[in-house]
Amino acid sequence: MRLKNYTKLITKVVRYNLKIIFAGKFFWFLLAAFAFFAFFMFQQAWNRSETNEGSIYNMLLFPCLLLIFYPVVFGIQNDEDNRILEIIFGIPNYRYKIWGVRMLMVYVANYFIIVVFAYVARILLYPVNIFEMAAQLIFPMLFFGNLAFMFSTVTRSGNGTAVIMIIIGLVFFIFLTGSVAIRNSFWNVFINPFNIPNDIHPVIWRDTILKSRIFLLVGGIIWLMIGLLNLQKREKFV
(Lines give C-alpha, C1' and ligand atoms only; values in the text may rest on other atoms or scores of the structure.)
Protein backbone atom coordinates (compact mmCIF):
# COMPACT_ATOMS: atom_id res chain seq x y z
CA MET A 1 0.00 0.00 0.00
CA ARG A 2 2.83 2.34 0.84
CA LEU A 3 4.46 1.65 -2.55
CA LYS A 4 1.16 2.33 -4.30
CA ASN A 5 0.76 5.67 -2.55
CA TYR A 6 4.37 6.56 -3.34
CA THR A 7 3.78 5.75 -7.03
CA LYS A 8 0.67 7.93 -7.09
CA LEU A 9 2.60 10.78 -5.49
CA ILE A 10 5.41 10.54 -8.04
CA THR A 11 2.86 10.46 -10.87
CA LYS A 12 1.14 13.60 -9.56
CA VAL A 13 4.46 15.42 -9.20
CA VAL A 14 5.49 14.49 -12.74
CA ARG A 15 2.15 15.59 -14.18
CA TYR A 16 2.25 18.86 -12.25
CA ASN A 17 5.75 19.70 -13.45
CA LEU A 18 4.95 18.73 -17.03
CA LYS A 19 2.00 21.13 -16.97
CA ILE A 20 4.29 23.92 -15.74
CA ILE A 21 7.07 23.16 -18.24
CA PHE A 22 4.98 22.65 -21.35
CA ALA A 23 2.15 25.05 -20.57
CA GLY A 24 1.50 28.32 -22.33
CA LYS A 25 3.39 28.79 -25.59
CA PHE A 26 5.09 25.39 -25.87
CA PHE A 27 2.33 24.08 -28.15
CA TRP A 28 3.10 26.87 -30.62
CA PHE A 29 6.82 26.07 -30.49
CA LEU A 30 5.98 22.40 -31.12
CA LEU A 31 3.75 23.39 -34.02
CA ALA A 32 6.45 25.70 -35.41
CA ALA A 33 9.07 22.95 -35.09
CA PHE A 34 6.92 20.53 -37.06
CA ALA A 35 6.07 23.23 -39.63
CA PHE A 36 9.77 23.94 -40.23
CA PHE A 37 10.48 20.21 -40.46
CA ALA A 38 7.62 19.73 -42.93
CA PHE A 39 8.91 22.66 -45.01
CA PHE A 40 12.43 21.20 -45.06
CA MET A 41 11.07 17.82 -46.17
CA PHE A 42 8.93 19.42 -48.88
CA GLN A 43 11.89 21.44 -50.14
CA GLN A 44 14.07 18.31 -50.19
CA ALA A 45 11.47 16.39 -52.20
CA TRP A 46 10.64 19.32 -54.51
CA ASN A 47 14.30 19.88 -55.43
CA ARG A 48 14.82 16.11 -55.78
CA SER A 49 17.98 16.42 -53.72
CA GLU A 50 19.89 13.38 -52.58
CA THR A 51 18.37 12.14 -49.34
CA ASN A 52 20.31 10.18 -46.76
CA GLU A 53 20.81 10.04 -42.99
CA GLY A 54 22.97 13.17 -43.10
CA SER A 55 20.28 15.26 -44.80
CA ILE A 56 17.62 13.99 -42.37
CA TYR A 57 19.86 15.02 -39.45
CA ASN A 58 20.25 18.51 -40.93
CA MET A 59 16.49 18.81 -41.37
CA LEU A 60 15.86 17.79 -37.76
CA LEU A 61 18.56 19.94 -36.13
CA PHE A 62 16.71 23.27 -36.17
CA PRO A 63 13.33 21.81 -35.03
CA CYS A 64 15.26 19.96 -32.30
CA LEU A 65 16.72 23.22 -30.94
CA LEU A 66 13.36 24.96 -31.30
CA LEU A 67 11.71 22.32 -29.11
CA ILE A 68 14.10 22.96 -26.23
CA PHE A 69 13.91 26.74 -26.60
CA TYR A 70 10.71 27.60 -24.73
CA PRO A 71 10.94 25.27 -21.67
CA VAL A 72 14.48 26.35 -20.69
CA VAL A 73 14.46 29.99 -21.82
CA PHE A 74 11.15 30.98 -20.24
CA GLY A 75 11.11 28.48 -17.34
CA ILE A 76 12.47 30.82 -14.65
CA GLN A 77 10.35 33.72 -15.87
CA ASN A 78 7.20 31.58 -15.85
CA ASP A 79 7.90 30.53 -12.25
CA GLU A 80 8.38 34.16 -11.30
CA ASP A 81 5.26 35.34 -13.13
CA ASN A 82 3.15 32.63 -11.48
CA ARG A 83 4.62 33.43 -8.04
CA ILE A 84 5.96 29.89 -7.71
CA LEU A 85 9.53 30.93 -6.97
CA GLU A 86 8.65 32.10 -3.45
CA ILE A 87 7.23 28.66 -2.69
CA ILE A 88 9.85 26.40 -4.22
CA PHE A 89 12.77 28.39 -2.82
CA GLY A 90 11.61 27.23 0.59
CA ILE A 91 12.39 23.63 -0.37
CA PRO A 92 15.87 22.44 0.71
CA ASN A 93 18.25 21.77 -2.20
CA TYR A 94 15.80 23.46 -4.54
CA ARG A 95 18.16 23.30 -7.50
CA TYR A 96 18.25 19.50 -7.39
CA LYS A 97 14.70 18.65 -6.38
CA ILE A 98 12.84 20.98 -8.75
CA TRP A 99 14.83 22.16 -11.75
CA GLY A 100 17.03 19.08 -11.92
CA VAL A 101 13.94 16.91 -12.32
CA ARG A 102 12.33 19.39 -14.68
CA MET A 103 15.33 19.46 -17.01
CA LEU A 104 15.36 15.67 -17.09
CA MET A 105 11.66 15.57 -18.01
CA VAL A 106 12.17 18.22 -20.71
CA TYR A 107 14.89 16.21 -22.44
CA VAL A 108 13.06 12.88 -22.14
CA ALA A 109 9.86 14.38 -23.57
CA ASN A 110 11.70 16.12 -26.41
CA TYR A 111 13.62 12.94 -27.20
CA PHE A 112 10.37 11.11 -27.90
CA ILE A 113 9.06 14.05 -29.92
CA ILE A 114 12.20 13.86 -32.09
CA VAL A 115 11.63 10.11 -32.45
CA VAL A 116 8.18 10.88 -33.86
CA PHE A 117 9.63 13.47 -36.25
CA ALA A 118 12.30 10.98 -37.37
CA TYR A 119 9.60 8.35 -37.89
CA VAL A 120 7.73 10.75 -40.19
CA ALA A 121 10.95 11.28 -42.15
CA ARG A 122 11.47 7.52 -42.27
CA ILE A 123 8.05 7.01 -43.83
CA LEU A 124 8.16 9.94 -46.27
CA LEU A 125 11.81 10.30 -47.24
CA TYR A 126 14.45 7.82 -46.11
CA PRO A 127 14.63 4.70 -43.87
CA VAL A 128 16.68 6.08 -40.98
CA ASN A 129 17.22 4.51 -37.56
CA ILE A 130 14.85 6.77 -35.62
CA PHE A 131 16.27 6.04 -32.17
CA GLU A 132 19.89 6.55 -33.24
CA MET A 133 18.92 9.76 -35.01
CA ALA A 134 17.14 11.10 -31.92
CA ALA A 135 20.04 10.04 -29.69
CA GLN A 136 22.55 11.97 -31.83
CA LEU A 137 20.35 15.08 -31.78
CA ILE A 138 20.12 14.99 -27.99
CA PHE A 139 23.77 16.10 -27.70
CA PRO A 140 23.40 19.54 -29.34
CA MET A 141 20.06 19.86 -27.57
CA LEU A 142 21.77 19.29 -24.21
CA PHE A 143 24.54 21.76 -25.02
CA PHE A 144 22.32 24.62 -26.16
CA GLY A 145 19.47 23.80 -23.79
CA ASN A 146 21.66 23.91 -20.69
CA LEU A 147 23.47 26.99 -22.01
CA ALA A 148 20.11 28.75 -22.35
CA PHE A 149 19.12 27.58 -18.86
CA MET A 150 22.34 29.04 -17.45
CA PHE A 151 21.67 32.42 -19.06
CA SER A 152 18.05 32.34 -17.87
CA THR A 153 19.28 32.11 -14.27
CA VAL A 154 21.43 35.20 -14.89
CA THR A 155 18.95 37.40 -16.74
CA ARG A 156 15.76 36.02 -15.10
CA SER A 157 14.05 37.20 -18.30
CA GLY A 158 12.82 34.95 -21.07
CA ASN A 159 13.08 37.65 -23.71
CA GLY A 160 16.57 38.66 -22.58
CA THR A 161 17.76 35.04 -22.66
CA ALA A 162 16.17 34.54 -26.08
CA VAL A 163 18.11 37.50 -27.52
CA ILE A 164 21.39 36.22 -26.04
CA MET A 165 20.85 32.70 -27.40
CA ILE A 166 19.96 33.95 -30.88
CA ILE A 167 23.14 36.03 -30.99
CA ILE A 168 25.25 33.11 -29.71
CA GLY A 169 23.64 30.76 -32.22
CA LEU A 170 24.39 33.11 -35.13
CA VAL A 171 28.01 33.59 -33.97
CA PHE A 172 28.50 29.83 -33.67
CA PHE A 173 26.96 29.22 -37.08
CA ILE A 174 29.05 31.87 -38.86
CA PHE A 175 32.32 31.04 -37.11
CA LEU A 176 32.07 27.23 -37.07
CA THR A 177 30.81 26.79 -40.65
CA GLY A 178 33.13 29.34 -42.22
CA SER A 179 36.32 27.26 -42.07
CA VAL A 180 36.55 23.71 -43.43
CA ALA A 181 39.08 22.76 -40.74
CA ILE A 182 36.73 23.84 -37.94
CA ARG A 183 33.62 22.56 -39.68
CA ASN A 184 34.98 19.01 -39.71
CA SER A 185 36.47 19.14 -36.21
CA PHE A 186 34.91 18.07 -32.92
CA TRP A 187 34.72 21.75 -31.88
CA ASN A 188 31.87 22.26 -34.32
CA VAL A 189 28.69 22.02 -32.21
CA PHE A 190 26.64 21.63 -35.41
CA ILE A 191 28.72 18.75 -36.79
CA ASN A 192 26.69 16.15 -38.65
CA PRO A 193 27.72 12.64 -37.53
CA PHE A 194 26.02 11.04 -40.55
CA ASN A 195 27.74 13.20 -43.18
CA ILE A 196 31.20 11.65 -43.65
CA PRO A 197 33.56 13.91 -45.67
CA ASN A 198 35.23 12.29 -48.67
CA ASP A 199 38.72 13.38 -47.63
CA ILE A 200 38.55 11.92 -44.09
CA HIS A 201 39.05 8.26 -43.21
CA PRO A 202 35.95 6.69 -41.59
CA VAL A 203 37.96 5.64 -38.51
CA ILE A 204 39.21 9.21 -38.00
CA TRP A 205 35.69 10.51 -38.53
CA ARG A 206 34.32 8.09 -35.93
CA ASP A 207 36.86 9.33 -33.39
CA THR A 208 35.98 12.93 -34.27
CA ILE A 209 32.29 12.30 -33.64
CA LEU A 210 33.07 10.57 -30.33
CA LYS A 211 35.15 13.57 -29.21
CA SER A 212 32.38 15.90 -30.40
CA ARG A 213 29.74 14.10 -28.32
CA ILE A 214 32.01 14.12 -25.25
CA PHE A 215 32.64 17.84 -25.76
CA LEU A 216 28.92 18.62 -26.07
CA LEU A 217 28.03 16.44 -23.08
CA VAL A 218 30.72 17.95 -20.82
CA GLY A 219 29.78 21.46 -21.96
CA GLY A 220 26.12 20.78 -21.25
CA ILE A 221 26.91 19.47 -17.75
CA ILE A 222 29.03 22.56 -17.01
CA TRP A 223 26.25 24.94 -18.12
CA LEU A 224 23.71 23.00 -16.05
CA MET A 225 25.90 23.07 -12.92
CA ILE A 226 26.47 26.82 -13.25
CA GLY A 227 22.74 27.38 -13.69
CA LEU A 228 21.86 25.26 -10.67
CA LEU A 229 24.46 27.07 -8.56
CA ASN A 230 23.01 30.41 -9.67
CA LEU A 231 19.63 29.30 -8.37
CA GLN A 232 21.10 29.11 -4.88
CA LYS A 233 21.36 32.92 -4.84
CA ARG A 234 17.88 33.29 -3.48
CA GLU A 235 18.11 37.06 -2.95
CA LYS A 236 18.31 37.59 -6.73
CA PHE A 237 15.05 35.81 -7.41
CA VAL A 238 12.70 36.67 -4.54
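Which helix does threonine 208 lie in? Threonine 208 lies in helix H10. The views below come from a predicted model.

**Figure 1. Overall fold of the predicted model, an assembly of 10 helices and zero strands.** From the N terminus on, the order of elements reads α-α-α-α-α-α-α-α-α-α. The protein has 238 residues, and buried residues make up 42% of them. Take the contacts between residues at least 6 apart in sequence: 71% of these join residues at least 24 apart.

**Figure 2. Helix H10, residues 202-230.** H10 has 29 residues. From first C-alpha to last, H10 reaches 42 Å. That is close to the 42 Å expected at 1.5 Å a residue. Which residues of H10 are buried? They are Trp205, Thr208, Ile209, Ser212, Arg213, Leu216, Gly219, Gly220, Gly227, Leu228 and Asn230.

**Figure 3. Close-up of threonine 208 in helix H10.** Why does threonine 208 count as buried? Its relative accessibility is 13%, and the cut-off for buried is under 20%. Neighbours within four places in sequence are left aside for the contacts shown here. Threonine 208 then touches Asn184, Ser185, Phe186 and Ile191.

**Figure 4. Isoleucine 196, in the loop between helix H9 (180-183) and H10.** Isoleucine 196 counts as partly exposed because its relative accessibility is 44%. Its pairing with arginine 206 is marked by two separations. In sequence, isoleucine 196 and arginine 206 are 10 residues apart. In space, their C-alpha atoms are 9.1 Å apart.

**Figure 5. The largest pocket, with about 950 Å³ of space.** The lining has 32 residues. Closest to the pocket centre are Leu61, Phe62, Leu65, Phe173 and Phe190. Helices H2 (26-46), H3 (53-73), H7 (130-155) and H8 (158-178) each give two or more residues to the lining. Which helix supplies the largest share of the lining? H3 does, with 11 residues. By residue class, the lining divides into 21 nonpolar, 10 polar and one charged.

**Figure 6. The largest nonpolar core, a set of 55 residues.** Which core residues touch the most other members? Leu60, Trp99, Met133 and Leu137 do. Two or more core residues come from each of H2, H3, helix H6 (94-124), H7, H8 and H10. In soluble globular proteins, nonpolar side chains tend to be buried together.

**Figure 7. Close-up of leucine 137 and its contacts.** Leucine 137 is among the core residues that touch the most other members. Contacts with neighbours within four places in sequence are left aside. The remaining partners of leucine 137 are Tyr57, Leu60, Leu61, Cys64 and Ile114. Of these partners, Leu60 is also listed with leucine 137 among the core residues touching the most other members. Leu61 appears in the pocket view too, as one of the residues closest to the pocket centre.

**Figure 8. Tyrosine 119 in helix H6.** With 44% relative accessibility, tyrosine 119 counts as partly exposed. How far apart in space are tyrosine 119 and methionine 133? The C-alpha to C-alpha distance is 9.9 Å. Along the sequence, tyrosine 119 and methionine 133 are 14 residues apart. Methionine 133 is one of the core residues that touch the most other members.

**Figure 9. Phenylalanine 27 in helix H2.** Buried, partly exposed or exposed: which class does phenylalanine 27 fall in? Phenylalanine 27 is partly exposed, at a relative accessible area of 48%. In sequence, phenylalanine 27 and tyrosine 70 are 43 residues apart. Their C-alpha atoms lie 9.7 Å apart in space.

Methods:
Residues numbered from 1 in each chain as written. Predicted model: local features only at pLDDT ≥ 70, side-chain atom pairs only at ≥ 80, totals over all residues. Heavy atoms only, no water. Helix = DSSP H or I, 4+ residues; strand = E, 2+ residues; numbered from the N terminus. Expected span 1.5 Å × (residues − 1). Buried < 20%, exposed > 50% of the residue type's maximum accessible area, 1.4 Å probe, protein only. 1 Å grid on protein atoms, 1.4 Å probe; cavity = no way out; pocket = protein on both sides within 12 Å on 5 of 7 lines; lining within 4 Å. Points joined across faces, edges and corners; volume = space filled by probe spheres on them. Nonpolar A, V, L, I, M, F, W, Y, C, P; charged D, E, K, R; others polar. Core = buried A, V, L, I, M, F, W, Y, C linked by side-chain atoms within 4.5 Å. Contact = heavy atoms within 4.5 Å.
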